[in-house]
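Good morning, everyone. I would like to walk you through one model today, beginning with a single helix and working outwards from there.

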Amino acid sequence: MATKLKDLRVKSGQSLQQVADGVGVSKAHIWQLERGDSTNPSLDLLRGLADHYKVTVAFLSDESEPSEEAPALQFYREFDGKLDEKAWAAVRAMAEALKKP
């Protein structure tokens with residue numbers, strides 16, 4: 001979980017303080033979670049982190065290697081319901097273009 005939390009924070013461009021403010025805990029606590037020093041967060045904190053990063057609790061708590069689909073799922077969760085049909089069509093066209101060698 002530590003690696004996933006740090007990866008999510010770095011990829012989102014957030015500071016430890018921004019994440020801490022977002023979930024209502026101290027910056028030190030987020031830092032301990034990212035370092036693996038605090039390995040048993042409460043369910044409420046886990047839910048808060050999942051909501052903050054727009055991932056599932058299962059994704060954060062799963063100790064297996066992250067799947068290759070994880071970034072795509074995160075992308076979908078971030079934009080699902082927030083894009084109009086024209087924007088979705090543009091995203092689909094871009095995705096199809098990226099599939100081509």
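Let me start with what packs against helix α2: the cover over its buried residues includes α1 (2–12), α3 (27–35) and α4 (43–53), where contact means heavy atoms within 4.5 Å, and where helices (H or I, at least four residues) and strands (E, at least two) are DSSP runs numbered from the N terminus. Before going further, I should say that this is a predicted model, in which local features need pLDDT of at least 70 and side-chain atom pairs count only at pLDDT 80 or more, while totals for chains, interfaces and linings use all residues. Residues are numbered from 1 along each chain as its sequence is written, and side-chain values use heavy atoms, with hydrogens and water left out.

Which residues of α2 are buried? In this helix, residues 16–23, they are Leu16, Val19, Ala20 and Val23, with buried meaning under 20% relative accessible area, exposed over 50%, and partly exposed in between (1.4 Å probe, protein chains only). These residues lie on the same side of α2 because they cover an arc of only 100 degrees around the axis, the arc being that of the directions from the helix axis to the C-beta atoms. After α2 comes Gly24, with a positive phi near 80 degrees.

Turning to α1, Arg9 lies in this helix, and it counts as buried because its relative accessible area is 12%. Leaving aside residues up to four places away in sequence, Arg9 touches Gln14, Ser15, Leu16, Val19, Glu34 and Tyr53. Of these partners, Tyr53 belongs to helix α4, and Tyr53 is buried too, since its relative accessibility is 4%. Tyr53 is also 6.9 Å from Leu8, C-alpha to C-alpha, although 45 residues separate the two in sequence.

As for the rings, a search of the whole structure finds 0 aromatic pairs, a pair being rings of Phe, Tyr and Trp (its six-membered ring) with centres within 6.5 Å, called stacked with planes under 30 degrees apart, edge-to-face over 60 and tilted for the rest. Lys4, however, lies over the face of Phe59, at 4.7 Å from the ring centre; the criterion is NZ of Lys or CZ of Arg within 6 Å of the ring centre and within 35 degrees of the ring normal.

Finally, the overall picture: the protein has 7 helices and 0 strands, and of its 101 residues, 27% count as buried. Among contacts between residues at least 6 apart in sequence, 48% join residues at least 24 apart.
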